[in-house]
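Reader: Hello! I am new to reading structures, and I would like a close look at one single part. Could you walk me through it slowly?

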Amino acid sequence: VAAVITLTTDYGTRDPYVGEMKAVILRLNPDARFVDVTHDVAPHDVREGALAVEAMVAVCPAGTVHLAVVDPGVGTSRRGLVVSAGGQFFVGPDNGIFTAVLSLPDRQAFELRDPAYRLPTVTATFHGRDVFGPAAAHLTLGVPPARFGPPIGDPVRLRPATARDVTGGVEGEVLGVDRFGNLITSIDATAVARVSGRGGSVTVRIAGRRMPLVRTYGDLDDGAVGALVGSHGRLEVAVREGSAAARLRAGRGARVRVSRSTKTSTTGSKRRTSS
Amino acid sequence: VAAVITLTTDYGTRDPYVGEMKAVILRLNPDARFVDVTHDVAPHDVREGALAVEAMVAVCPAGTVHLAVVDPGVGTSRRGLVVSAGGQFFVGPDNGIFTAVLSLPDRQAFELRDPAYRLPTVTATFHGRDVFGPAAAHLTLGVPPARFGPPIGDPVRLRPATARDVTGGVEGEVLGVDRFGNLITSIDATAVARVSGRGGSVTVRIAGRRMPLVRTYGDLDDGAVGALVGSHGRLEVAVREGSAAARLRAGRGARVRVSRSTKTSTTGSKRRTSS
Amino acid sequence: VAAVITLTTDYGTRDPYVGEMKAVILRLNPDARFVDVTHDVAPHDVREGALAVEAMVAVCPAGTVHLAVVDPGVGTSRRGLVVSAGGQFFVGPDNGIFTAVLSLPDRQAFELRDPAYRLPTVTATFHGRDVFGPAAAHLTLGVPPARFGPPIGDPVRLRPATARDVTGGVEGEVLGVDRFGNLITSIDATAVARVSGRGGSVTVRIAGRRMPLVRTYGDLDDGAVGALVGSHGRLEVAVREGSAAARLRAGRGARVRVSRSTKTSTTGSKRRTSS
């Protein structure tokens, strides 16, 4: 049965862990198709994994199985999860990695407990291969989520990233840093639009710096810092062909504030005519 | 013909080498399926590649072709190998990378010599693309191993990792360090069981430290060091949500010893009630 | 429709960008097959991406779609390209990344402009997912290149890497450094053959060092520096089981010269009998 399984882990790509997980899946369903989302989630960083899963949900076709294993609690009493939500499926530890979809109205969550859907021998340290991988394969073969175990009413969710209205604007935080050094924040496009109102100009403040809101990286001067609404619908802070994280020495948790500009400054943007 | 080819190399993922190898294979068999095991074997580190292959053999379906190219001797007189063993196939340089399967009772090894199964032009430096890749493709198309060249009776094997019985226990060595900083040792589950006997308690010593044997990472206190039987059936030394390699400043070759505990200490484990 | 799409980007593999791009493609053509060339092009380094594409063109089957996105100008007025050349297809920004094929006699280039072949909503910062990925998918589905937009007569090309004849030899430059630390130069096998003539001996000079031309890495003594014609038909400078880049402290742009040897020195090669 041809079906897409996305893979999000902190296994890295240096060790054979990902390959073993895929081999086990292909033994059960030789037609499964893999989309590697990332295996370079910082070790044990569930929040980073959750962001990757969230990005994938938005673009994947119905029926996609998302296998996400960032699992510091492997082998302990933490539960395994099978979730159906928004026409897609999710398999992994019950530690918040699927927070993005746990509030969807059609969400159904089950504990991954039936030994029929795991390897005959389950090690204490590699449930990606022994438990979650096989469950993902069985989902692609049409096994209904409810078959894996009893329903769960209270799957673990991560504390929502804060983005709260403040006088004259909205305040949020940096959720993560991408490979280019862009700072991805908890402030979404809607909040930015609410602040800017009907076309007004907006200023972004982070790490003691203020910067303009631009449309894309190329609107910035070389090396200038600016903010923009990125491809996941979140406010990002970027440096043109450089790293905002390095330049601002800012990372996850840094506070960021969007407010209506007092004057229509476009400092740092290409529209500036004198330097 | 749909068939799985696993790929283990030291080519890295920054250069197009792996892509070129895959393209050549797909030209011969458009239905070949790839499972990337790792391309981040330390350059020229045959032993590290051999460990990855060993892990894959245990989980791959019959008929899998394992293409492994860590090949410091490329273009010299070192031979190329096609091996059939345990219902799976192996293609790569004859330098010990397939040691794990070379002692299997049904093993058959052949020298990869027939020019019909390589590219028309073979460069001196990239046999993964020009020789081994095409051979792997032909294997998936059903060419029998004996067709690639004459039988080889003495394929190169790596010196076996030592794990020897000592008074009151077993002594071995660290074979490698994984992405999490776990130290993977040459002592297997059977040896550990032999020492612990009928449920007795066991102490592990490495780098001047002694630590308890636990079942999984989560059984350790945060930051505590411990040993456990890992997912490949080998004794591992780990730190909960941390790197044992960094903590113990230990790496490949470090000596490790398992012995019966003189008292039932569980220092460092969660079962400890006072800190 | 089964067809191969090669992927060359600077997206890295830590963030979900590559996964999102693939998911969008699979939604349009569930049978598309991916070959990841590299996602670790240095951020914004179009020239490095162009080298990877060039390597793939030489080995890919007819009909292959090469999707290459190193795109510092994303969201600005830079054009998108669909190219047909040498029986293969190319999709990406018009910034020189396809220079290798833009001079082929049958080359046809079109501006990627028809909104029918992109996502309904196009962000300003992620055209790999929103524009180029979908176009690649439509190409695999049989949409002819001319359908994507008006012909382009002057696609952007990179300045050709210099390799010019000098007295008694040829002079070129280092184009890049691979994972092993090998220095890949702009001097091709033909130029080397022209200098060496009918079997004469040749000396290579780089970074104030002179070295012999050998056939493969294994012809060098351990740790010795040498030059050879590499797997892409270019002169490379290498250290046996070591990094030439580190040893010579040389990188992209370093000058390299090949000249006829005044004496038949083979210093550093295995053929040397005394050390």
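Which residues does Ile5(B) touch, not counting residues up to four places away in sequence?

Author: Happy to help! This is a predicted model, where local features need pLDDT of at least 70, side-chain atom pairs count only at pLDDT 80 or more, and totals for chains, interfaces and linings use all residues. Residues are numbered from 1 along each chain as its sequence is written, chains are lettered from A and ligands numbered from 1 in the order in which they are written, and side-chain values use heavy atoms, with hydrogens and water left out.

Now to your residue. Leaving out residues up to four places away in sequence, Ile5(B) touches Ile25(B), Ala32(B), Arg33(B), Phe34(B), Val35(B), Val65(B), Leu67(B), Ala136(B), Ala137(B) and Thr140(B); contact here means heavy atoms within 4.5 Å. Ile5(B) sits in strand 1 (residues 3–9) of chain B. Strands (E, at least two residues) and helices (H or I, at least four) are DSSP runs, numbered from the N terminus. Ile5(B) counts as buried because its relative accessibility is 0%, and buried means under 20% relative accessible area, exposed over 50%, partly exposed in between (1.4 Å probe, protein chains only).

One of the residues that Ile5(B) touches, Arg33(B), leads us to the contact with the neighbouring chain. That contact takes 30 residues from chain B and 35 residues from chain A. Together, Arg33(B), Arg179(B) and Phe180(B) supply 26% of the area that chain B buries against chain A, more than any other three residues. In total, chain B and chain A bury about 2600 Å² between them, with 55% of it on carbon and sulfur atoms. Buried area is the accessible area (1.4 Å probe) that two parts lose on being put together, summed over both.

What else is found across this interface? The rule finds 17 residue pairs in polar contact, both at pLDDT 80 or more. A polar contact is a pair of N or O atoms within 3.5 Å; within protein, one must be able to donate a hydrogen and the other to accept it, and residues adjacent in sequence count only if both atoms are side-chain atoms. Strand 2 (32–38) and helix 2 (46–57) of chain B each supply at least two residues of the side that touches chain A. The largest share of that side, five residues, comes from strand 2 of chain B.
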